[in-house]
Amino acid sequence: MKLAFRLSVLMFAVAFAGSAFATTTAAGTLTVTATIATSCTINSPTLAFGTYDPQVTNLTAAKNAQIDLVWTCTNSTAATIWLDEGANAKVASTPAIPQRQMASGALRLAYFLYSDAGMGTVWGNTIATSVPVTGSGVSQNSTVFGAIPGAQNVAPGSFSDSVVVNLKY
């Protein structure tokens, strides 16, 4: 009898267990979104020409130097790199044709910044004289080529200038 009772209870539990735990399914869609920000960064290195000798070495030859601007933009971001005229530009200087000068007190030493190794394209502060770049999401380099023209008869001193580098995107 105990066995029959146990079997009856078990059968009752099995019969009603399915309905006690039965569920109805309703389906929906979870929408997941994100927005990728357009962003860029750029470093501000120092272009060091070293020693300029207007009497011997640089009497007839320019003093050249170069430096890499390291920049990063979000993948596929179109941007341009602009270099302003500098803090000591000549009065006749323009954003399209910058006439940059380094200063040592009242003394001036002319120099040029180019976007190409052949030093044929002056790097300026306009659409036409800026350098277009496209981001890849990783650091990239754009080289600035500098030249101090030869035969500048200036007194000895330590010359410097500050050029603002803008990465516009």
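A disulfide is a pair of cysteine sulfur atoms within 2.5 Å. This predicted model holds one such bond. Cysteine 40 and cysteine 73 form the disulfide, with their sulfur atoms 2.0 Å apart. That distance satisfies the cut-off of 2.5 Å. The torsion about the S-S bond of cysteine 40 and cysteine 73 is about 115°, so the disulfide is right-handed. Cysteine 40 sits in strand S1 (residues 40–42) and cysteine 73 in strand S2 (residues 63–73), so the bond ties together parts that are 33 residues apart in sequence. Are cysteine 40 and cysteine 73 buried or exposed? Both are buried.

**Overall make-up**

The protein has one helix and eight strands. Along the sequence the pattern reads α-β-β-β-β-β-β-β-β. The protein has 169 residues, and buried residues make up 29% of them.

The strands discussed below include these.

| Strand | Residues |
|---|---|
| S1 | 40–42 |
| S2 | 63–73 |
| S3 | 78–83 |
| S4 | 100–104 |
| S5 | 107–114 |
| S6 | 131–134 |
| S7 | 140–148 |
| S8 | 165–168 |

**The five-stranded sheet**

Which strands build the sheet of five? The order is S1-S2-S7-S5-S4, the sheet is open, and the pairing is antiparallel. S1 and S4 are the edge strands, and each pairs on one side only. Neighbouring strands of this sheet are turned by 30° against each other on average, direction ignored.

S2 and S7 run antiparallel and are joined by nine bridges. Within this pairing, lysine 63 stands opposite isoleucine 148 in S7. The disulfide also belongs to this part of the model, since cysteine 40 lies in S1 and cysteine 73 in S2.

**The three-stranded sheet**

Three strands form an open sheet in the order S6-S3-S8. The pairing here is antiparallel. S6 and S8 are the edge strands, and each pairs on one side only. The twist averages 25° from one strand to the next.

How many bridges join S3 and S6? The two strands pair over four bridges, in the antiparallel sense. Alanine 78 stands opposite threonine 134 in S6. Alanine 79 stands opposite valine 133 in S6.

In a regular strand the side chains alternate between the two faces of the sheet. S6 shows an alternation of this kind. Val131 and Val133 point to one face and are buried. Pro132 and Thr134 point to the other face and are not buried. Thus the S6 residue opposite alanine 79 is valine 133, and Val133 is on the buried face. The S6 residue opposite alanine 78 is threonine 134, and Thr134 is on the other face.

**The largest pocket**

The largest pocket has a volume of about 700 Å³. Its lining has 29 residues. Which of them are closest to the pocket centre? They are Leu47, Phe49, Met102, Ser160 and Asp161.

The elements that give two or more residues to the lining are S2, S5 and S7. S5 gives the most, with three residues. S2, S7 and S5 also appear in the order of the five-stranded sheet.

What is the chemical make-up of the lining? The residues divide into 21 nonpolar, seven polar and one charged. Aspartate counts as charged, and Asp161 is among the residues closest to the pocket centre.

Definitions and conventions. Residues are numbered from 1 along each chain as its sequence is written. This is a predicted model: local features need pLDDT of at least 70, side-chain atom pairs count only at pLDDT 80 or more; totals for chains, interfaces and linings use all residues. Side-chain values use heavy atoms; hydrogens and water are left out. Buried means under 20% relative accessible area, exposed over 50%, partly exposed in between (1.4 Å probe, protein chains only). Two strands pair if DSSP finds at least two bridges between them. Axes are lines fitted to C-alpha atoms, for helices over the stretch in contact, and angles run from 0 to 180 degrees between N-to-C directions. On a 1 Å grid over the protein atoms alone, a cavity is a set of points where a 1.4 Å probe fits but cannot get out, and a pocket is an open set with protein on both sides within 12 Å along at least five of seven lines; lining residues have an atom within 4 Å of a point. Grid points are joined across faces, edges and corners, and a volume is the space filled by probe spheres set on the points.
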